[in-house]
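This report describes the fold of one protein and then looks at selected parts of it. The sequence and structure come first.

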Amino acid sequence: MVAKRIIPCLDVKGGRTVKGVNFVGLADVGDPVELGARYAADGADELVYLDISATCEERATFSSLVERIADRINIPFTVGGGIASLDTAARLLDAGADKISVNSAAIADPGLISAIAGRYGSQFVVVAIDAKLAEDGRWMATTHGGRRLTDRELFAWAHEAQERGAGEILLTSMEHDGVCQGYPCDLYREFCATLDIPVIASGGAGSIDDIADVLTLGAADAALAASIFHYGTYTVREVKEALSAKGITVRL
């Protein structure tokens, strides 16, 4: 059985790790270099770094900070935020990223997924989708850090991303982000069942039970969390040991 992954997330703005609720009300929670090193040492399977203001500020991700984090960790490292070209992706991979996460730019130009996958392979491409429940009951993709609602229906967009070469989908429910009251497992169960590539669940982790639920009831391949690690509610090691005790296969 393939082990489920536990992935801390560093949302970075202005060189600092921040955390909010529903993508707003951001608070400084620490130095991304030190946090990344701590999570790697504590047994995280991967680390995700998202430069959350890069797209809105119309700039590329800061490669120097990516390089500093990469120098301190020995686990797979996914980097996203402001990646709108093959050249930018190449620069970040050269700086130490193991995977590239694309979101807003991929919706604007889906060919970006194919371009990165074509040059480096699907295993290097993570398509992040920030989803919002619209008034008509459909889940829709958003861009620019959740600020702009698009006409891209979640399931249709995920399937297109898969067909274009995405190796993995990072799905965040905006309504659940930072609330710490659980992932929308019904959504993840339906979403994961319709795709052939791994899905990382993001948005809602408040307890170990929440993570266990999304990995079993929601059948996600990995759980991404931020608040519970940044604020010291649990360590990565505590989460993985508790999941193992529940019979969930994780790397200890």
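## Surface and charge

The model is predicted. The protein exposes about 10,400 Å², of which carbon and sulfur atoms supply 48%. There are 23 positive and 35 negative charges in the protein, and their mean positions lie 3 Å apart.

## Overall fold

The secondary structure consists of 10 helices and 12 strands. Taken along the principal axes, the box filled by the C-alpha atoms is roughly 45 × 45 × 35 Å. The radius of gyration is 16 Å, which agrees with the value near 18 Å of a compact globule of 252 residues.

Of the 252 residues, 58% are buried. Among contacts with a separation of 6 or more, 64% are between residues 24 or more positions apart.

## Helix H7

Helix H7 spans residues 185–193, and its buried residues are Cys 185, Leu 187, Tyr 188, Phe 191 and Cys 192. Down the axis of H7 these residues fall within an arc of 150°, so they line one face of the helix. Asp 186 and Ala 193 are exposed, on the face of H7 turned away from the buried side.

The buried residues of H7 pack against three strands and two helices: strands S8 (139–143), S10 (168–173) and S11 (199–202), together with helices H6 (154–164) and H8 (208–216).

## Ala 205

The loop between S11 and H8 contains Ala 205. The relative accessibility of Ala 205 is 8%, so this residue counts as buried, the cut-off being under 20%.

Leaving aside residues up to four places away in sequence, Ala 205 touches Cys 180, Tyr 183, Asp 210, Ile 211, Ala 225 and Ile 228. Leu 224 is 19 residues from Ala 205 along the chain, and the C-alpha atoms of the two are separated by 8.1 Å.

## Helix H10

In helix H10 (residues 236–245), Val 236, Val 239, Lys 240 and Leu 243 are buried. Viewed down the axis of H10, they fall within an arc of 95°, so they line one face of the helix. The cover over these buried residues includes strand S1 (5–13), helix H1 (32–41), H8 and helix H9 (227–230).

H8 thus appears in both settings: the buried residues of H7 pack against H8, and H8 is also part of what covers the buried residues of H10. After H10 comes Gly 247, which has a positive phi, near 90°.

Terms used
Residues are numbered from 1 along each chain as its sequence is written. This is a predicted model: local features need pLDDT of at least 70, side-chain atom pairs count only at pLDDT 80 or more; totals for chains, interfaces and linings use all residues. Side-chain values use heavy atoms; hydrogens and water are left out. Helices (H or I, at least four residues) and strands (E, at least two) are DSSP runs, numbered from the N terminus. The radius of gyration is taken over C-alpha atoms; the globule rule is 2.2 Å times the number of residues to the power 0.38. Buried means under 20% relative accessible area, exposed over 50%, partly exposed in between (1.4 Å probe, protein chains only). Contact means heavy atoms within 4.5 Å. Accessible areas come from the Shrake-Rupley method with a 1.4 Å probe; for residues, only the protein chains shown count as cover. Lys and Arg count as positive and Asp and Glu as negative; His and the chain ends are not counted. The place of a charge is taken as NZ of Lys, CZ of Arg, CG of Asp or CD of Glu. The arc is that of the directions from the helix axis to the C-beta atoms.
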